Amino acid sequence: MTEKVILLEGIDPVEFYGLADANIEKIGGKFPKLKIVARGSAIKVMGEESEIVRFDKKLAELLAYYERYGHISPQVIDQIYDGGLSAVQDDPEDQHVIVYGNNGLVVRARTINQERLLNLYDRNDLIFAIGPAGSGKTYTAIALAVRALKNREVKRIILTRPAVEAGEKLGFLPGDMKEKLDPYLQPLYDALNDMIPAAKLGKYVEDGTVQIAPLAYMRGRTLDNAFVILDEAQNTTVAQIKMFLTRMGRNARFIVTGDITQIDLPRRSDSGLMPVVEMLKGIDGIGIVAFDNRDIIRHRLVKHIVEAFERHAGNSEKE
């Protein structure tokens, strides 16, 4: 009798094994000659060597499916183990898919300008994505970053945004530094939690593969082999954006996102986003995509709310 232990690295075993271990029991049913014991992130298999080799091969296919699509089910297990489903399918809509997230979530470009961002990414190392709240500019950028990491195009993801509400002087807030910063960075965590299994994301954050930090922490760094996103860039000055952009190292991809209607700086004129965009326009390797109200994919009312505020701002300027 042969024994083998298989470790599920970076995978949440609770999600993979299924509710009440339904998935692992389903897998076990495909190999009645083997004894399978799953505990924590380790699966111990005992039985004839030839059966263990077959089990290992099929489990690798199932893990590949889980890695790509972020979920498995008893039906998927049946199809993979009975030979009716490839772990990596040829999806005719794959060209629109950015990344497969958790629990079957498919993250794809859903609007014209989201598709334009994808196309610009193929030809530019630096992209400015500017537009209203809810247009998916940051979410799409993070999806591209996760895809780049999965495809080993980069070694790490770095997400940053200015902590303007606290003036980037966070000492007066309670808690340690992480607790002080988390409220400002939570939207970035939310997007990552959609796309990377919780166990793997925790490991990535722990070993520095995924870093989320305020803009002030970028000073003095050289960011090589990284996908870096500056979010809420409308709340940065020209000097801050210059500092950020000059962090770009070898094999780095940068995306800057912002909404010029939501400037939280003391004076709107202090925002450096649009002056920098105008300054860099036309440089080869830099792409610019302008999102608009047609890209808003939140609740249907959000589009009308944004339009109402724009009309009000236009009337105020006329007066």
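Which residue in β11 is the bridge partner of L126? The exercises below treat this point and others.

The structure is a predicted model, in which local features need pLDDT of at least 70 and side-chain atom pairs count only at pLDDT 80 or more, while totals for chains, interfaces and linings use all residues. Residues are numbered from 1 along each chain as its sequence is written, and side-chain values use heavy atoms, with hydrogens and water left out.

**Exercise 1. Describe the sheet that contains β11, and identify the partner of L126.**

Solution.
- Step 1. Fix the terms: helices (H or I, at least four residues) and strands (E, at least two) are DSSP runs numbered from the N terminus. Two strands count as paired if DSSP finds at least two bridges between them.
- Step 2. Establish the order. An open sheet of 6 strands follows the order β8-β7-β9-β10-β6-β11, with parallel pairing. Its edge strands, each pairing on one side only, are β8 (210-214) and β11 (286-290). From one strand to the next, the twist averages 15 degrees; angles run from 0 to 180 degrees between N-to-C directions, with axes fitted as lines to C-alpha atoms, for helices over the stretch in contact.
- Step 3. Examine the pair at the β11 edge. Strand β6 (residues 126-130) and β11 run parallel and are joined by 5 bridges. The bridge partner of L126 in β11 is I286.
- Step 4. Add the helices. Helix α6 packs on the sheet and touches β6, β7, β9 and β10 (253-258), where contact means heavy atoms within 4.5 Å. The direction of α6 makes about 170 degrees with that of β9. Helix α9 lies across β6, β7, β9 and β10, and runs at about 155 degrees to β10.

**Exercise 2. Describe the sheet that contains β1, and identify the partner of K4 in β3.**

Solution.
- Step 1. Here 3 strands form an open sheet in the order β1-β3-β2, and the pairing is antiparallel.
- Step 2. The edge strands are β1 (2-7) and β2 (35-39), each of which pairs on one side only. The twist averages 15 degrees from one strand to the next.
- Step 3. Between β1 and strand β3 (residues 42-47), which run antiparallel, there are 6 bridges. K4 has V45 as its bridge partner in β3.

**Exercise 3. Locate salt bridges and classify the residues that form them.**

Solution.
- Step 1. A salt bridge is a side-chain nitrogen of Lys or Arg within 4 Å of a carboxyl oxygen of Asp or Glu. The whole structure yields 12 salt bridges.
- Step 2. Set the exposure classes: buried is under 20% relative accessible area, exposed is over 50%, and partly exposed lies in between (1.4 Å probe, protein chains only).
- Step 3. Take K30 and D78, whose side chains meet in a salt bridge (2.6 Å, N to O). This pair links distant parts of the chain, 48 residues apart: K30 is in the loop between α2 (22-29) and β2, and D78 is in helix α4 (residues 74-81). K30 has a relative accessible area of 23% and is therefore partly exposed; D78, at 24%, is also partly exposed. K26, K30 and D78 are linked in a network of salt bridges.
- Step 4. Take R161 and D231, whose closest N and O atoms are 3.3 Å apart in a salt bridge. Because R161 lies in strand β7 (residues 156-161) and D231 in the loop between β9 (226-230) and α9 (238-245), the pair ties together parts that are 70 residues apart in sequence. Both R161 and D231 are buried.
- Step 5. Take D270 and R267, whose side chains meet in a salt bridge (3.0 Å, N to O). D270 is partly exposed, at 24% relative accessibility, whereas R267 is exposed, at 53%.

**Exercise 4. Place A20 and R152, and state the phi of each.**

Solution.
- Step 1. A20, although not a glycine, has a positive phi of about 55 degrees. A20 is in the loop between α1 (13-17) and α2, and its relative accessible area of 66% makes it exposed.
- Step 2. R152, also a residue other than glycine, has a positive phi near 60 degrees. R152 lies in the loop between α6 (137-150) and β7, and counts as exposed at 74% relative accessibility.
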